[in-house]
Amino acid sequence: MSGHAVAIAHPNVALSKYWGKRPGEGNFPAVPSLSVTLAGLETRTRVTWVDAAGDDRVVLGGRALAASEAVRHVALLDAVRRAADHRLRAHVESHNDFPTASGLASSASGFAALALAAVRAAGLDWDASRVSDLARSASASAARSIFGGFVELGVGDSSARAVAPANQLPLVVLVCVTAEGPKAVGSTEGMRRTLEQSPYAEAWLARAPDIHAEIRAALLARDFERVGECAEGSALAMHASAIAAGVIYWNGATLAVLSAVRALRAGGTPAYASIDAGPHVKVLVRPSDAERARSALEAATGVKRVLDARPGDGARLVEAK
Ligand code: DP6
């Protein structure tokens, strides 16, 4: 038996943040999250199952990963081997059309595309929830990139699911890139340290579900300003708890963008900031305000470039067998 498949997946930005895992196996989040999957930027991943001896081969952006860098990929591939009941080796080739230092997490789109391609190349006819669960076991935010539009990931063993289509809330995400190069502390490590060492970890875990519920309700009511206010609140609460554990992702330009966002609001333009496990700032604006906001954000000290993205589709298969 052998087979191949090619899948495409897009990054996502969480409006209510996942930060912290439930104790135990399975990479289950401790808090619910809600994200928007982004159009335009994509990861394309080819998986070929081959009848050969040796290890899986994982090539990202033309570079073969060392075994120590491919631990999560191999664990995901092992799960597919178990389900398909075969012992074939995988050749994985993956490419992002957006730079790794773009400020957008490539692990979400990367593990979503890998999960879909690996499952289908193995001939397994899994539904999107099951593929999403597999992606979650590698990186929880990847579970959300299987679906398009606005996507929720609950706590415990609940699967990710779409809560609203991409056109539910017209918005543009302006990604303000404030540094080049990879982040210093990965999100897995950053959230582990936060839960273990932050004096505010309990406050974050207690508050996050309420922020999530508010964002969900505001999204369903198509209330852009409320979604934006709560999304900014989620990011600030997450970072406040992380900072208190010494996990500081921000740089000077992060603060300059936060100021520019406040100035936009003071001037009557609804704009809201979201920050993930890095120094970049994602600014949510209405499409009609995007150009004005972009000029203001580009002028903030230390901003290297501003990319724009909009709500888009989930992962899809582009080739199989
Ligand atoms: C700040 O999904 O990268 O982007 O499950 O350990 O791989 P692992 O973490 P990951 O964490 C994402 C954290 C975040 C918030 C979010 O996307 O919800």
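**Entry 1: cysteines**

A disulfide is a pair of cysteine sulfur atoms within 2.5 Å. With that in hand, I searched this predicted model and found zero disulfides. I then looked up two cysteines, to see whether they sit buried or exposed. Cys 176 has a relative accessible area of 0%, so I noted this residue as buried. Cys 230 comes out at 7% relative accessibility, and I put Cys 230 down as buried too. The cut-off I used for buried is under 20% relative accessible area.

**Entry 2: who surrounds the ligand?**

Next I turned to the ligand and its neighbours. How many residues are around the ligand? I have 18 in my notes, and the ones that come nearest are Tyr 18, Lys 21, Ser 139, Ser 141 and Thr 188. Sorting the shell by class, I got seven nonpolar residues, six polar ones and five charged ones.

Then I asked which helices each supply at least two residues of this shell. Helix H4 (140-145) does, and helix H5 (187-197) does as well.

**Entry 3: where the ligand lies**

Why does the ligand lie between two domains? I checked where the shell residues come from: both domain 1 (3-165) and domain 2 (168-311) give some, so the ligand lies between them.

**Entry 4: distances to ligand oxygens**

Here I looked up three distances, each one ending at an oxygen atom of the ligand.

- In Ser 139, an N or O atom of the side chain is 2.6 Å from a ligand oxygen.
- For Arg 72, I found a polar side-chain atom 2.7 Å from an oxygen atom of the ligand.
- Ala 140 takes part through its backbone: a polar atom there is 2.8 Å from a ligand oxygen.

I also checked how much of the ligand the protein covers: 95% of the 460 Å² of accessible area that the ligand has on its own.

**Entry 5: two backbone angles**

Most residues other than glycine have a negative phi. That made me curious about residues with a positive value.

Asn 27 is not a glycine, yet its phi is positive, at about 55°. I located Asn 27 in the loop between strand E2 (12-16) and strand E3 (33-37). Is Asn 27 buried or exposed? Its relative accessibility is 13%, so I count Asn 27 as buried.

Arg 222 also has a positive phi of about 55° without being a glycine. Where is Arg 222 found? I traced Arg 222 to the loop between helix H6 (201-220) and helix H7 (224-243).

Key: Residues numbered from 1 in each chain as written. Predicted model: local features only at pLDDT ≥ 70, side-chain atom pairs only at ≥ 80, totals over all residues. Heavy atoms only, no water. Buried < 20%, exposed > 50% of the residue type's maximum accessible area, 1.4 Å probe, protein only. Near = heavy atom within 4 Å. Polar contact = N/O pair within 3.5 Å; in protein donor to acceptor, adjacent residues only side chain to side chain. Areas by Shrake-Rupley, 256 points an atom, 1.4 Å probe, with all protein chains shown as cover. Helix = DSSP H or I, 4+ residues; strand = E, 2+ residues; numbered from the N terminus. Nonpolar A, V, L, I, M, F, W, Y, C, P; charged D, E, K, R; others polar. Domains from an automatic or database assignment.
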